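Visitor: I am new to protein structures and would like a close look at one part of this one. Could you pick a place where two helices meet, and then show me what else is worth seeing around it?

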Amino acid sequence: MARCLRGVLPPWSQDTALAATCLHSLRKPGIHLLRERPFRSPHHSVSPAGLLGGGNPLRPGEVSLAHGGILFLDELPEFSPRALEGLREPMEEREVTLSRARTVESFPADFQLVAAMNPCPCGQHSPSGTDCRCSDRKRRAYRGRISGPLLDRIDLHIAVPRVDPTAVLKGDRIASESIRTRVRMAAERIGTTPPFVDKNAEQAMIRASASLRLSMRAVSSVRRIAQSISAYDQADTVGKSHVAEAIRLGGQGWRFVAD
Ligand SMILES: [Zn+2]
């Protein structure tokens, strides 16, 4: 799914393609201009320097090699705590600052992060919870490896339940092409005139942020998600239903934080 995401993103600009190529050429000299947005999926054993950049001379890490594209981190809690905490800066600033001896350099690192994790160490936990062999303590410790501030910077949190393979084979498929067209139109709309948040939607957001005790960052995330959903629907305004969906898509992570 993470790999497919690259195929539905809007086309990238020449400038981003050039910057991404420069970053890749620091690791692999003599490469041609990148034609496609990069997809990087480093293993969870990657060192902080491998993920964020470092070494002597300084070399860009995976976050910069994913510039303009997707950074996919599978088994997120298995990454080293230093590597995970180091992600906060590029997620916020869209660049990463590296210092070594007397030099300080920054590399662009504007990527779309997709991360996956199991609900618990054995991977079987579900709302019915019947097959899970983990204790509550073990489950909490596992989730606790992802810090609140990092979780707070991830906009969408989606539970993916086990699916029946026959349903997948029989189900309708939506072609990437039609999604890509809608995503492109939504991105253009947000770039020019982002959908206006109407009064009812504003009220719904205020109520949700109070009852869910959302952080300021989470409130602005709900607003952005709701605007994106509205633009994807090609609506002119953000309505209550867009806010409700934004809260549903973001809610898992906020519940973890509240735990
Ligand atoms: Zn379990």
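Guide: Let's start right at the crossing: α11 passes α12 in a right-handed way. This is a predicted model, so please read every value here as computed from that prediction. Helix α11 covers residues 199-211, and helix α12 covers residues 216-232. Two packed helices are described by the angle between their axes and the distance between the axes. Here the axes come within 10 Å and cross at roughly 145 degrees.

Which residues of α11 and α12 make the contact? From α11 come Ala201, Met205 and Ser209. From α12 come Val219, Val222, Arg223 and Ala226. Sorted by class, this contact has 5 nonpolar, 1 polar and 1 charged residues. You can find them by tracing each helix in the view.

Now let's step back to the whole chain. Its secondary structure comes to 13 helices and 9 strands. The domain assignment gives domain 1 (2-117) and domain 2 (173-258). Their C-alpha centres lie 26 Å apart, and the contact between them takes 5 residues from domain 1 and 6 residues from domain 2. On the domain 1 side, the touching residues are 4 nonpolar and 1 polar, with no charged ones.

How far does the whole chain reach along its principal axes? The C-alpha trace spans about 50 × 50 × 40 Å. For 259 residues, a compact globule would have a radius of gyration near 18 Å, and the protein chain has 20 Å, which agrees. Of those 259 residues, 25% count as buried. The fold also brings together distant parts of the sequence: among contacts between residues at least 6 apart, 71% join residues at least 24 apart.

Next come some backbone details. Most residues other than glycine have a negative phi, and most peptide bonds are trans. With that in mind, look at the peptide bond from Asn56 to Pro57, which is cis, with omega near 0 degrees. Pro57 sits in the loop between β2 (53-54) and β3 (59-60).

Two residues are worth a look for their phi angles. Glu75 is not a glycine, yet its phi is positive, about 55 degrees. Its place is the loop between β4 (70-73) and α5 (81-86). Is Glu75 buried or exposed? Glu75 is exposed, because just 12 other C-beta atoms lie within 10 Å, and 12 or fewer is the cut-off for that label. Arg94 also has a positive phi without being a glycine, at about 65 degrees. You will find Arg94 in the loop between α6 (88-93) and β5 (95-100). Arg94 has 13 C-beta neighbours inside 10 Å, so Arg94 counts as partly exposed.

Let's finish with two residues in helices. Cys4 belongs to helix α1, which covers residues 2-8. With 10 other C-beta atoms within 10 Å, Cys4 is exposed. What separates Cys4 from Ser228 in space? They are 224 residues apart along the chain, while their C-alpha atoms are separated by 19 Å.

Arg27 is part of helix α2, residues 14-27. Arg27 is exposed, with 12 other C-beta atoms within 10 Å. Leaving aside residues up to four places away in sequence, Arg27 touches Arg59, Pro60 and Leu65. Gly144, 117 residues from Arg27 in sequence, is 34 Å from Arg27 in space, C-alpha to C-alpha.

If you go back to the starting point now, try turning the view until α11 and α12 lie one in front of the other, and look again for their right-handed crossing.

Conventions. Residues are numbered from 1 along each chain as its sequence is written. This is a predicted model: local features need pLDDT of at least 70, side-chain atom pairs count only at pLDDT 80 or more; totals for chains, interfaces and linings use all residues. Domain bounds come from an automatic or database domain assignment. Two residues are in contact if their C-beta atoms, placed from the backbone, lie within 7 Å. Ala, Val, Leu, Ile, Met, Phe, Trp, Tyr, Cys and Pro count as nonpolar, Asp, Glu, Lys and Arg as charged, and the others, Gly among them, as polar. Helices (H or I, at least four residues) and strands (E, at least two) are DSSP runs, numbered from the N terminus. The radius of gyration is taken over C-alpha atoms; the globule rule is 2.2 Å times the number of residues to the power 0.38. A residue is buried if 20 or more other C-beta atoms lie within 10 Å of its own, exposed if 12 or fewer, and partly exposed in between; C-beta atoms are placed from the backbone. Axes are lines fitted to C-alpha atoms, for helices over the stretch in contact, and angles run from 0 to 180 degrees between N-to-C directions. A crossing is left-handed if the near helix is turned anticlockwise from the far one by less than a right angle, and right-handed if clockwise.
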